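The following exercises concern a two-chain protein model. Each task is followed by a worked solution.

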2 protein chains.
Amino acid sequence: MTRHGENPRSPRGEDADLLLLDQQICFSLNAASRAFGGVYRTALKDLGLTYPQYLVMLVLWEEGALPVKQLGERLRLDSGTLSPLLKRLEAAGLVVRERSPEDERSVIVTPTPAGRELREGALAVPRRILAAAGLPLDDLRALRELLTRVTANLDAAAGA
Amino acid sequence: MTRHGENPRSPRGEDADLLLLDQQICFSLNAASRAFGGVYRTALKDLGLTYPQYLVMLVLWEEGALPVKQLGERLRLDSGTLSPLLKRLEAAGLVVRERSPEDERSVIVTPTPAGRELREGALAVPRRILAAAGLPLDDLRALRELLTRVTANLDAAAGA
DNA sequence: GCCGATTTAGTTGTGCGCAATTGAATTGTG
DNA sequence: CACAATTCAATTGCGCACAACTAAATCGGC
């Protein structure tokens with residue numbers, strides 16, 4: 001990025017800043033998110049889970065069993081993403097998917113015993129991630145708060 | 001999320017917190033990143049660009065022309081992602097890709113006149129995004145600083 | 001009770017993002 | 001100079017994430 005420091009200011013002033021890569025907050029967000037992704041991939045390798053699959057298991061460990069719809073709400077994923085993902089988790093013997101007797105459109109996802117046992121091994125994961133992130137707790141809290149706010153704002157703007 | 005507030009604390013204490021979805025900083029990051037993605041998709045629709053393509057154009061508007069390798073470094077994307085992406089941008093007539101005469105392994109990416117003209121229409125995009133994000137400048141700065149730090153830490157941990 | 005409107009999960013199609021691999025070009029070493 | 005090591009972009013394969021669409025089930029209004 002040394003090259004970038006030498007970049008002369010464009011005479012257009014404010015407009016030039018607006019379109020500089022490093023001014024795009026979303027780029028920083030994206031870069032951080034993907035950097036986390038890399039560290040998670042290493043940490044989750046032994047569990048045989050991808051990061052999105054790990055998130056699914058987190059929710060199921062927490063809730064026990066959930067309809068796909070609610071799983072999607074918790075994870076902010078639609079059925080286009082979840083359906084094949086759950087299919088692979090089921091193929092791996094970690095969850096079962098069953099039609100709800102109360103509403104046959106609904107499918108309940110339940111961890112198998114094997115899927116529940118995986119939780120023990122998963123305890124090391126957040127510790128590794130926190131260590132890699134290297135931020136004090138206060139900063140993590142501030143980060144999470146800012147992220148939550150901006151996500152809520154973006155959701156509101158998208159719904160408008 | 002009202003259901004979540006009723007979730008009794010597990011007797012395991014700290015361990016239970018570690019694996020709660022809402023405690024995963026990366027989930028907040030991911031959710032925010034994807035929420036941005038949605039707003040960008042709307043904002044970029046008229047330009048006919050996806051968000052990653054828009055980032056590529058940002059860099060090229062800034063630099064004029066770059067080898068794929070440097071483009072990848074700026075955007076933190078590997079050639080597996082960039083190669084097809086640039087191929088589509090070239091097919092859309094927005095960039096050209098040429099082998100460097102100095103090193104034939106290297107490919108220089110240059111915006112076409114049409115690609116350069118697109119910059120004018122792109123000026124509205126960051127404004128729309130900033131409005132949708134709804135954070136004061138101070139908070140945006142704090143957010144970017146935190147993200148930069150955590151990304152650097154994660155990179156260091158990944159390289160270890 | 002009937003039927004239109006809505007909901008739910010699943011499918012199709014597209015564009016990513018990453019790991020592994022490949023072929024050609026360049027670099028580095030003896 | 002010869003050749004091993006490294007570099008660069010492109011390709012292959014896989015798992016996501018989203019938009020659009022589908023079929024079946026359920027809801028709501030008359």
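**Exercise 1.** How many residue pairs are in polar contact across the interface of chain B and chain A?

*Solution.* The model is predicted, so local features need pLDDT of at least 70 and side-chain atom pairs count only at pLDDT 80 or more, whereas totals for chains, interfaces and linings use all residues. Residues are numbered from 1 along each chain as its sequence is written, chains are lettered from A in the order in which they are written, and side-chain values use heavy atoms, without hydrogens and water.

Step 1. Apply the rule for a polar contact: a pair of N or O atoms within 3.5 Å, where within protein one must be able to donate a hydrogen and the other to accept it, and residues adjacent in sequence count only if both atoms are side-chain atoms.

Step 2. Across the interface of chain B and chain A, twelve residue pairs satisfy this rule, both residues being at pLDDT 80 or more.

Step 3. The residues on the side of chain B that touches chain A comprise 40 nonpolar, eleven polar and 15 charged. Here Ala, Val, Leu, Ile, Met, Phe, Trp, Tyr, Cys and Pro count as nonpolar, Asp, Glu, Lys and Arg as charged, and the others, Gly among them, as polar.

**Exercise 2.** Identify a salt bridge between chain B and chain A.

*Solution.* Step 1. Search for a side-chain nitrogen of Lys or Arg within 4 Å of a carboxyl oxygen of Asp or Glu.

Step 2. The rule finds two salt bridges across the interface.

Step 3. B:Asp139 forms a salt bridge with A:Arg149, with the closest N and O atoms 2.6 Å apart.

**Exercise 3.** What area is buried between chain B and chain A?

*Solution.* Step 1. Contact (heavy atoms within 4.5 Å) takes 66 residues from chain B and 66 residues from chain A.

Step 2. Buried area is the accessible area (1.4 Å probe) that two parts lose on being put together, summed over both. For chain B and chain A this is about 6,500 Å², with carbon and sulfur atoms giving 64%.

Step 3. B:Leu19, B:Ile25 and B:Leu154 supply 11% of the area that chain B buries against chain A, more than any other three residues.

**Exercise 4.** Which residues does A:Val68 touch, not counting residues up to four places away in sequence?

*Solution.* A:Val68 touches A:Leu82, A:Leu86, A:Val107 and A:Val109. The C-alpha atoms of A:Val68 and A:Asp78, ten residues apart along the chain, are separated by 9.1 Å.
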